Amino acid sequence: MSHSQQLRIVQVNRHGPGGGGSEQAFHLALALQRRGHHLLFLTAPDERWRKRCDAVGLPLAFLPMHGRFNLVMAARLASLIRRHGAQVVHAHKGREQALAFWASFFMPIPALVANRGVSFPVGRLRALKYRYRTDAVVAVSESVRRELGASGVPASKLVTIYGGVDVERFHPHVDGEGVREELGIPSDALLVVKVAHVREWKGYEIFLQAAARVAAAEPRAMFLGVGKGTGEAPELDQLVRQLHLGGRIRWAGFREELPPIFAAATVCVHAATAGEGVTGAVREALAMAKPVVVTDVGGNRELVRHNETGLLVPARDPERLAAGILTLIRSPARAASLGCAGRRVVERDFSHDAKAGYVEALYLDILRRKGCLHA
């Protein structure tokens, strides 16, 4: 990259570490910095971010970011953007984008980019912030891009760039025995793992109903749920009792260190019923060459090609989910072959570096088009 194309970029993300969107924002900032750009990672005050940014030498600033219509916050954001001399501001969630939108009235932002990570309908009123003063909206899947288009965002502003995975951290050779030991899971158990926070659309009820069917058919099967809220949801505990799954299921709660969790798995599942862009946990499982059974919602079919990189099953169908799990645990050679094919696809299209390359090209294109950068 020539010196004139080193950009000054602010990545805006108000959420704490650990969530899928926050991790994407952080790793994008890091990958862009490695490509020679001048980055500022702007987030709500959180000492965990200070530790992580200090550890990797990523410049950090804090801004509380209260409220979508808070003009005082917007003015403070504008002031931080000006101080950094930013040519690009990339806002990673709705509130961040709303504040950047208002900040653009206090000072010109050469390239304002927004992210959209879920495939829920946007609504025409909320889509206004994407239609005006925003130069591009990065959709994390084709399904998200279609939802934005249906809400009136011009196609010329929409670009699909998939989320990234750290393919060196999420790697097939990570050891999962320690996790099995810690959670009391025998080394010969066939372990079915679901990684997701407990939210209505993440499909934990469907997962448990499928687990009951698998448990009845396969005595060595055990099940593990990992994510915020697992082990703290009374309605899920009640369902576990009703389905007589007590001795067969473990809840691990929120874990920052996910590679050993995936490494412990025989099969990984995701049972979401709606709202997915491309599920991050599925990308990570595939990066570790794990066989996956995933519901066909949002953009998941853009990552999981049925019978090529995993199995796709209909949403809200515990019977088909159970059948997919049983297929994979009973056919280890086929499962291994699907997992290896998944790893190859993730390395090629879904690494953090591949994503940063696409995002960098988008920034440069906007700036050239607007005459803010020489061709």
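## Salt bridges, helix crossings and loops

Mentor: With a relative accessibility of 41%, Asn307 counts as partly exposed. Keep in mind as we go that this is a predicted model.

Trainee: Thanks! In which loop does Asn307 lie?

Mentor: Start with the backbone: Asn307 is not a glycine, yet its phi is positive, at about 70 degrees. As for its place in the chain, Asn307 belongs to the loop between E12 and E13.

Trainee: Asn300 is found in a loop as well. Is Asn300 buried or exposed?

Mentor: Asn300 sits in the loop between strand E12 (292–295) and strand E13 (311–313). The cut-off for buried is under 20% relative accessible area. Asn300 has 1% relative accessibility, so it counts as buried.

Trainee: Which residue's backbone nitrogen does the side chain of Asn300 reach?

Mentor: Look at the surroundings to begin with. Setting aside neighbours within four places in sequence, Asn300 is in contact with Glu276, Gly277, Val278, Thr279, Val294 and Thr295. At 3.0 Å, the side chain of Asn300 reaches the backbone nitrogen of Thr279.

Trainee: Let's look at another loop residue. What is the phi of Arg133, roughly?

Mentor: Arg133 is in the loop between helix H5 (128–131) and strand E6 (136–139). At 41% relative accessibility, Arg133 is partly exposed. Although Arg133 is not a glycine, its phi is positive, at about 65 degrees.

Trainee: On to charged pairs. How many salt bridges are there?

Mentor: The general idea is that side chains of opposite charge can pair when their charged atoms come close. The cut-off here is a side-chain nitrogen of Lys or Arg within 4 Å of a carboxyl oxygen of Asp or Glu. By that rule, the number of salt bridges is 16.

Trainee: How far apart in sequence are the parts that Arg14 and Glu96 tie together?

Mentor: Arg14 and Glu96 form a salt bridge, with their closest N and O atoms 3.3 Å apart. Arg14 lies in the loop between strand E1 (8–12) and helix H1 (20–34), while Glu96 lies in helix H4 (residues 94–106), so the parts tied together are separated in sequence by 82 residues.

Trainee: Is Glu96 buried or exposed?

Mentor: Its partner Arg14 has 24% relative accessibility and counts as partly exposed. Glu96 has a relative accessibility of 0%, so it counts as buried.

Trainee: Asp353 also forms a salt bridge. In which helix does Asp353 lie?

Mentor: The side chains of Asp353 and Arg35 meet in a salt bridge, at 3.4 Å from N to O. Arg35 is in the loop between H1 and strand E2 (38–43), and the pair ties together parts 318 residues apart in sequence, because Asp353 lies in helix H14 (residues 352–369).

Trainee: Which residue forms a salt bridge with Arg369?

Mentor: Arg369 counts as exposed at 53% relative accessibility. The partner lies four residues away within helix H14, about one turn of the helix. The closest N and O atoms are 2.8 Å apart, and the residue that pairs with Arg369 is Asp365.

Trainee: And which residues are joined into one network by salt bridges that share partners?

Mentor: We have already met two of the members, Asp353 and Arg35, as a pair. Through shared partners, salt bridges make one network of Arg35, Asp353 and Glu360.

Trainee: Now the helices. How is H3 oriented relative to H4, roughly parallel or roughly perpendicular?

Mentor: The axes of helix H3 (residues 71–84) and H4 come within 8 Å and cross at roughly 70 degrees. Angles from 65 to 115 degrees fall in the perpendicular class. H3 is therefore, relative to H4, roughly perpendicular.

Trainee: Is the crossing of H3 and H4 left-handed or right-handed?

Mentor: The contact draws on several residues of H3, including Leu71, Leu77 and Ile81, and on residues of H4, among them Leu99, Trp102 and Phe106. As for the hand with which H3 passes H4, the crossing is right-handed.

Trainee: At roughly what angle do the axes of H8 and H12 cross?

Mentor: Residues in H8 such as Ile206, Phe207 and Val214 meet H12 residues including Leu321, Ile325 and Ile329. This crossing is right-handed, and the two helices are oblique to each other. The axes of helix H8 (residues 204–217) and helix H12 (residues 318–330) come within 8 Å, and their crossing angle is roughly 50 degrees.

How values were computed: Residues numbered from 1 in each chain as written. Predicted model: local features only at pLDDT ≥ 70, side-chain atom pairs only at ≥ 80, totals over all residues. Heavy atoms only, no water. Buried < 20%, exposed > 50% of the residue type's maximum accessible area, 1.4 Å probe, protein only. Polar contact = N/O pair within 3.5 Å; in protein donor to acceptor, adjacent residues only side chain to side chain. Contact = heavy atoms within 4.5 Å. Axes fitted to C-alpha atoms, helices over the stretch in contact; angles between N-to-C directions. Parallel < 35°, antiparallel > 145°, perpendicular 65-115°, else oblique. Left-handed = near helix turned anticlockwise from the far one by under 90°.
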